[in-house]
Amino acid sequence: MALSAGLHLRQSQSLVMTPQLMQSIRLLQFSHVELTRFIEQEVERNPLLELVAQNADGNESAASSDSEPARAASTDGDADGRTDSGADETTYEGGEDGTWEGHSGKASERLRDEIDVRYENVFPDDHAAESTAAPAFADNWKSMPGSDRTQSGEGYDLDDFAARTPTLRDHVTEQIAFAFVDPADRLIAIEIADRLDPAGYVPADLTEAVERLGADPARVEQVLAQLQEFEPAGLFARSLSESLALQLRRKDRLDPAMAVLVDNLELLARRDFASLTRLCGVDEEDLLEMLAEIRALDPKPGTRFETGASEMIVPDVSVRPASDGGWQVELNPDTLPRVLVNQTYFATVTGKMQKNAAGQEFLSECLQTANWLARSLDQRARTIMKVASEIVRQQDAFLINGIDHLRPLNLKAVADAIGMHESTVSRVTSNKYMLTPRGVFELKYFFTVSIASAEAGGDAHSAESVRHRIKVLVEQEEPAAVLSDDDLVGLLKQSGVEIARRTVAKYREAMAIPSSVQRRREKRARARAAAL
């Protein structure tokens, strides 16, 4: 067979993932905060983009445009700024040297005649400082925090003036400065403080700190014991038992029985009250009182110090009842940043850069990127609206009757209904929230696994609604008739839910519900305490 070169023409279709297409896909799964941050970066990078800000009165304005603050004039006085409050009023006028001079009419002249001296001669330095600072303050008062909001009528934002909340490290460092006089002990204390975790614990093994400082291990233990006396009680503990013991010792409640209880927290976790009663040498009434004291302690004393600002959830979609008996689905405009493409600026600059090929190429790329971003944001909003509307249509019974009527739903059902791919629906439902009459839920909350019905031809049940039923049954059980997993399976089957025992156990453990043996011990102990 002879080999020869040939030219063939073939036509095919393929999907090319361009950078802009990949970025459009990423925009779908961005949360509100991430989307706002991305758009702000694009506005800084692209001179043709303007971020549209919405004012308090609902009007929109471009954030990049310069706006002159409104000038407020007082209407309490007459045209020349004077009032009828008397002849001895205090006024401020500008002197010939550009300084501000304050005087108080006849009272000021009479006082000067009596003491026969001027204030600036008595306090020359203070007068010079005031004369120099007053004009600067008068010119720059608008740049102070909150001045722009005051002129626009929005008032001050207290967050601009609030003091920063001290962190755990700040709190501990301040106490170290006063507690240790010896520089070597202070250095060891700072080294141990560097190993504090957010909960207020230090590693159980401080060998690394000892080797790094070259200090005596006994001296490190002595410094650690002094650190454990810091406020709040329980800091610098090496385990949960030690933290609880430190707090009890501060309250003078660490007696031998309580010490045994703290050393056997694993029995307390299993609710093995019989073993705890035997080990501690107390009766059930005393044990319940000891357990109440344990519950009043703080297992993580370091978490009371704020380590970061918490962000409030802003729903992307709101659902409210409509007048026709249906549901009205709306997008939250606060979570939909809008951008404008400044075509006027593009035309003006392009006309002046006809001989600059590199500049024209840069502007063309900026225009293309700006148009793409505007279209992508619009398409993102439309996609979120489609997915949210279909979710509301599928979960209409949940919105009316509650979680017991939550239907099983998967991504494929929504994707087929709106004509999109499952991956697109998955990206849209990530980090998005919906405000409903039942509360605020993440969009992924409405997608649950289907559990078959016990009745032939019956409707399937949502896994979330089954978990809710299990929780309700456990809360309503009596101390004398605690429900086992088999009992829960039987009750659920009577209500039309076909479920296995291992699934019930899995759901129960996921909701942190103890086993029937542990619940029986705890409820009997509470019943005896209530009877006593």
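Before I show you anything, let me say that a salt bridge is a side-chain nitrogen of Lys or Arg within 4 Å of a carboxyl oxygen of Asp or Glu. The model in front of you is a predicted one, and the structure holds 19 salt bridges, of which I would like to go through a few with you.

Let us begin with D182 and R219, whose side chains form a salt bridge with an N to O distance of 2.7 Å. D182 sits in the loop between α7 (168-179) and α8 (183-193), while R219 belongs to helix α10 (residues 217-227), so this pair ties together parts that are 37 residues apart in sequence. As for their surroundings, D182 is partly exposed at 31% relative accessibility, and R219 is partly exposed too, with a relative accessible area of 31%.

Now, which side chain does D185 meet in a salt bridge? The partner is R219, again at 2.7 Å from N to O, and this pair links distant parts of the chain, since D185 lies in helix α8 and R219 in helix α10, 34 residues apart. Is D185 buried or exposed? At 18% relative accessibility D185 counts as buried, because buried means under 20% relative accessible area. If we put these pairs together, D182, D185 and R219 are joined into one network by salt bridges that share partners.

My last example is the pair E191 and R195, whose side chains meet in a salt bridge at 2.4 Å, N to O. Here E191 is buried, and its relative accessible area is 7%.

Note on methods: Residues are numbered from 1 along each chain as its sequence is written. This is a predicted model: local features need pLDDT of at least 70, side-chain atom pairs count only at pLDDT 80 or more; totals for chains, interfaces and linings use all residues. Side-chain values use heavy atoms; hydrogens and water are left out. Helices (H or I, at least four residues) and strands (E, at least two) are DSSP runs, numbered from the N terminus. Buried means under 20% relative accessible area, exposed over 50%, partly exposed in between (1.4 Å probe, protein chains only).
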